[in-house]
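Here is a walk through the inside of this protein, with its hollows, its sheets and a few residues worth a look. Keep the structure open while you read.

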Amino acid sequence: MTQETVAPTSDAVLDREEMMSRDELEALQLGRLQHTLAYAYDRVPLYKRKFDEHGVHPTDLRELSDLGKFPFTTKEDLRLEYPFGMFAVPQHEVARIHASSGTTGRATVVGYTKKDLADWAKLVARSLRASGVRPGMKVHNAYGYGLFTGGMGAHAGAEALGCTVIPISGGQTERQITLIQDFKPDAILATPTYLLTIADAMMKQGIDPASTSLKFAVLGAEPWTEEMRHELEVMMNIKACDIYGLSEVMGPGVAGEAVETQDGSHIWEDHFRPEIIDAFDSSVVLGDGEPGELVFTSLTKEALPIIRYRTKDLTRLLPGTARPAHRRMGRITGRSDDMIILRGVNLFPSQIEEIALRIPELSPHFQLELTRPEGQRMDQLTVRIERRESVTVEGVASAAKTLQQQIKIQVGSSCAVDVVDPGSLERSNGKLRRIYDLRPKA
Ligand code: DLL
């Protein structure tokens, strides 16, 4: 399967909006944006206050570039308005609520009207179809169900596409494997690190992960690299595509990747207007191709219209390919709040993943540990990484050295490398925690 090329999706099954010209799409965006700004201003006190303080009014948006005049929305705004202060409809019109886990403070709560849920399902269906999933296929959904948007969002999208959904949720890895073997699904939906956990557990049971019925994987909810894609595609004999989204903007399906090009997720711009800003000077809106922080404005949402939401995700906008009018996003290099600053050098876990997976002796299972040794003023980074099963002790020593050197050359940071035995690091059940910050709190 990985060697085959995949034919483009037939025009006959695409949504009309997927086939629009850029001009048509931008005209649609302008009308929807004007409506959303007025709608948010009229219905959500926070937006009225912020627009007034900023000296802007919805009628100031005459062309798309005027969006830059409007104030940003942040996670902090959602927290301050906890739980329902940012909802634009009365509670009886809210059909469902989701929320972030709230591990770093108050949970952020999001809501959907019936129409929002239908739009969301349509966009997830569009994303899955772009990634190779077809009506009638069996889809094993291993995203977590519950307040997290992954499980139910992916579920509704797969149903809307006309698939048979297996709603297993995350965890219970042994059971996942039994069901994959018995139900013979065509596609799996999971975080990339959880798919790796499943494949790894299969190997432990003596099952070749390439031998299953799975042909497609639609992976997201955490950063992953081209190297990880290659690892999973070869190990499992599948085509693996990206799906992106965030609860504040909708959930999974804000953007999805086309299997025939596998060149980054297309942002569904008939529903979301993306911008890239300088993460350190938010007043600067950057051009396409320039790296910065991704910002979204919703164009059709009813329960929770979101204006210029700062995602903290770092990426760039690229021209559309498989869906020419819809711009793509580059891979997310990381989140601005996940960035490790080590002796003045910025570093993201995905950079380590990229380098480590090019070293054949090393596995994709790694953690980053930050410490400040007693009496020292300098922070220390230790990359703890599992060796591959087949590697000898000599092999490990030289692989550790190569990893250390490559990190120094490519990232500019000195670090310690600790190669550990296969199976000794914690496995992912969903979004994997890569960074362990053990430095004393200031
Ligand atoms: O993770 C929604 C989702 C579920 C997306 C399932 C894809 C699949 P949140 O929990 O609100 O929502 O987390 C959103 O996760 O801002 C990114 O930092 C990260 N993220 C999501 N998708 C990707 C991706 C869901 N494809 C946050 N690549 C976002 C990299 C991603 N990071």
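## The largest cavity

Helix α7 and strand β19 each put at least two residues into the lining of the largest cavity. The bigger contribution is from β19, whose four residues are the largest share of that lining. Keep in mind that this is a predicted model, so everything here is computed from the prediction.

How much space lies in the largest cavity? About 110 Å³. It has 15 lining residues, and the closest to its centre are His-365, Glu-426, Ser-428, Leu-432 and Arg-434. Sorted by class, the lining is a mix of six nonpolar, five polar and four charged residues.

## The second largest cavity

Searching the whole structure turns up three cavities of 30 Å³ or more. The second largest holds about 70 Å³ of space. Its lining is made of Tyr-112, Asp-116, Asp-119, Trp-120, Leu-123, Met-250, His-271, Phe-272, Thr-300 and Lys-301.

Helix α4 provides the largest share of that lining, with four residues. By class, you get five nonpolar, two polar and three charged residues.

## The second largest pocket

Now for an open site. The second largest pocket has a volume of about 280 Å³. Sixteen residues line it, and Asp-200, Met-203, His-365, Arg-388 and Glu-389 are the closest to its centre. You have met His-365 already, among the residues closest to the centre of the largest cavity.

Which elements each supply at least two residues of this pocket's lining? They are α7 (192-204), α8 (226-236), β19 (362-371) and β20 (380-387). Of the contributors, α7 gives the most, at four residues. The lining of this pocket divides into eight charged, five nonpolar and three polar residues.

## The nonpolar core

The largest nonpolar core takes in 69 residues, and the ones with the most contacts inside it are Tyr-47, Phe-51, Leu-128, Val-133, Tyr-244, Val-249 and Phe-296. Helix α4 (residues 114-130) supplies six residues, the largest share of this core. That is the helix that also gives the largest share of the second largest cavity's lining.

Pick Val-133 for a closer look. Setting aside neighbours within four places in sequence, Val-133 is in contact with Leu-128, Val-139, Leu-161, Cys-163, Ala-187 and Val-218.

## The nine-stranded sheet

Follow the strands across and you find an open sheet of nine, in the order β4-β3-β5-β6-β7-β8-β9-β15-β14, with mixed pairing. At the edges stand β4 (164-166) and β14 (317-318); each has a single partner strand, so one side of each has no neighbour in the sheet.

At the β14 edge, two bridges connect β14 to strand β15 (residues 328-329), and the two run antiparallel. Here Leu-317 sits opposite Met-329 of β15.

## Strands β12, β13 and β16

Strand β13 (residues 309-315) is largely enclosed by the rest of the structure, because five of its seven residues are buried. Four bridges tie β13 to β12, and these strands run antiparallel. If you want a pair to find on screen, Glu-293 has Leu-314 in β13 as its bridge partner. Strand β13 is also joined to strand β16 (residues 334-335) by two bridges, again antiparallel. Across that pairing, Asp-313 stands opposite Arg-335 in β16.

Where does Ser-298 lie? Ser-298 is in strand β12 (residues 292-298). Is Ser-298 buried or exposed? It counts as buried, because its relative accessibility is 0%. Apart from neighbours within four places in sequence, Ser-298 contacts Thr-36, His-271, Phe-272, Leu-304, Pro-305 and Ile-306. Two of those names, His-271 and Phe-272, also appear in the lining of the second largest cavity.

## Gly-144 and its loop

One last stop is Gly-144, in the loop between β3 (138-141) and α5 (149-161). Gly-144 has a relative accessible area of 21% and is partly exposed.

Not counting residues up to four places away in sequence, Gly-144 touches Gly-150, Gly-151, Ser-169 and Gly-170. Gly-430 lies 286 residues away along the chain, yet the C-alpha atoms of Gly-144 and Gly-430 are separated by 7.0 Å.

Methods: Residues are numbered from 1 along each chain as its sequence is written. This is a predicted model: local features need pLDDT of at least 70, side-chain atom pairs count only at pLDDT 80 or more; totals for chains, interfaces and linings use all residues. Side-chain values use heavy atoms; hydrogens and water are left out. Buried means under 20% relative accessible area, exposed over 50%, partly exposed in between (1.4 Å probe, protein chains only). Contact means heavy atoms within 4.5 Å. On a 1 Å grid over the protein atoms alone, a cavity is a set of points where a 1.4 Å probe fits but cannot get out, and a pocket is an open set with protein on both sides within 12 Å along at least five of seven lines; lining residues have an atom within 4 Å of a point. Grid points are joined across faces, edges and corners, and a volume is the space filled by probe spheres set on the points. Ala, Val, Leu, Ile, Met, Phe, Trp, Tyr, Cys and Pro count as nonpolar, Asp, Glu, Lys and Arg as charged, and the others, Gly among them, as polar. A nonpolar core is a set of buried Ala, Val, Leu, Ile, Met, Phe, Trp, Tyr and Cys residues joined through side-chain atoms within 4.5 Å. Two strands pair if DSSP finds at least two bridges between them.
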